[in-house]
Amino acid sequence: VLIFAGTSVYAFEGIALVIPIRESMEKPEYFPHMLVGMMLFFVVFLTGFGILGYFAWGNHVKAVALNELPGTMGMLIQLLYIMAIFCGYPLAIFPAFAIIESKLFSDGPPTLTRKWLKNLLRTFITLLMGAFAYQMSTYLSLFISMLGSFCSIPLAIIFPGMLHLRLVKDSPRLDWILISIGCVLVPVTLYVDIVHMNL
């Protein structure tokens, strides 16, 4: 159950984009309705996909359900998914690159050497992440649960409660309940993930 907690919270990985999306909307007054609608859609979609996968393959479904799809159509869907990941990676990793490069390359004028050093750094980080992903592929479900535990629980549960407590101050009890639940969930789910990884 606790592995599920980390994995399900990982589904909220895009929560950090909520404020930039609202700020870029032409009519931000529609944002709460759009946010609730999209969250409900994704909860139903992901839950439905999980239930259908369980009904189709039972307890022995692979960590990546797309690997279960047979034939040419299954291979085509896997290829399309790989292309989606390949095209989405630059968008997802760009903020991290920008932060790292601002710390390492803040001094000096933009030169060709500096440009190639940035490119080498980006290539190195990408290859390092690829090697890490390859090593963790046998523990994919546990690794996603660990990411959810360590990164997404604070992002989806702890930080919103802290920000609301700091900015609004109208319902501190609910904020403290959320913060407390998140602070308990992080170490407990990480511990369960690590124990399952060592089995």
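Me: In this predicted model, which residues of α4 meet which residues of α5?
Reply: From α4 come Tyr89, Ile93, Phe97, Ile100, Glu101 and Leu104. From α5 come Lys118, Leu121, Arg122, Ile125, Thr126 and Met129.

Me: Why are α4 and α5 called oblique to each other?
Reply: Their axes cross at roughly 125 degrees. Roughly perpendicular covers 65 to 115, and roughly antiparallel needs over 145. The angle of α4 and α5 fits neither range, so the two helices are oblique.

Me: What else describes this crossing of α4 and α5?
Reply: The axes come within 11 Å. The crossing in which α4 passes α5 is right-handed.

Me: What makes Glu101 of α4 count as buried?
Reply: Its relative accessibility is 7%. Buried means under 20%. Glu101 is therefore buried.

Me: Which residues does Glu101 touch?
Reply: Leaving out residues up to four places away in sequence, Glu101 touches Ser106, Lys118, Leu121 and Arg122.

Me: Which residues of α5 are buried, and what do they pack against?
Reply: Arg114, Leu121, Ile125 and Met136 are buried in α5. The buried residues of α5 pack against α4 (71-104), α6 (140-167) and α7 (172-198).

Me: How do you know that the reach of α5 is close to the expected one?
Reply: Helix α5 spans residues 112-136, which is 25 residues. It reaches 36 Å from first C-alpha to last. At 1.5 Å a residue, 36 Å is expected.

Me: How many aromatic pairs does a search of the whole structure find?
Reply: It finds four. One of them is Phe41 with Phe42, at 5.1 Å centre to centre and 70 degrees between the planes. Edge-to-face requires over 60 degrees, and this pair is edge-to-face.

Me: Why is the pair of Phe41 and Phe45 called stacked?
Reply: The ring centres are 6.0 Å apart, and pairing allows up to 6.5 Å. The planes stand at 15 degrees, and stacked means under 30. The Phe41 and Phe45 pair is therefore stacked.

Me: Where do Phe41 and Phe45 lie?
Reply: Both are in helix α3 (residues 31-57), four residues apart, about one turn of the helix. An α-helix has 3.6 residues a turn, so residues three or four places apart point the same way.

Me: What makes Phe41, Phe42 and Phe45 count as partly exposed?
Reply: Partly exposed lies between the 20% and 50% limits. Phe41 has 45% relative accessibility, Phe42 has 42% and Phe45 has 45%. Each is therefore partly exposed.

Me: Which residues form one aromatic cluster?
Reply: The cluster is made of Phe41, Phe42, Phe45 and Phe49.

Methods: Residues are numbered from 1 along each chain as its sequence is written. This is a predicted model: local features need pLDDT of at least 70, side-chain atom pairs count only at pLDDT 80 or more; totals for chains, interfaces and linings use all residues. Side-chain values use heavy atoms; hydrogens and water are left out. Buried means under 20% relative accessible area, exposed over 50%, partly exposed in between (1.4 Å probe, protein chains only). The expected span of a helix is 1.5 Å times one less than its number of residues. Contact means heavy atoms within 4.5 Å. Axes are lines fitted to C-alpha atoms, for helices over the stretch in contact, and angles run from 0 to 180 degrees between N-to-C directions. Angles under 35 degrees count as roughly parallel, over 145 as roughly antiparallel, 65 to 115 as roughly perpendicular and the rest as oblique. A crossing is left-handed if the near helix is turned anticlockwise from the far one by less than a right angle, and right-handed if clockwise.
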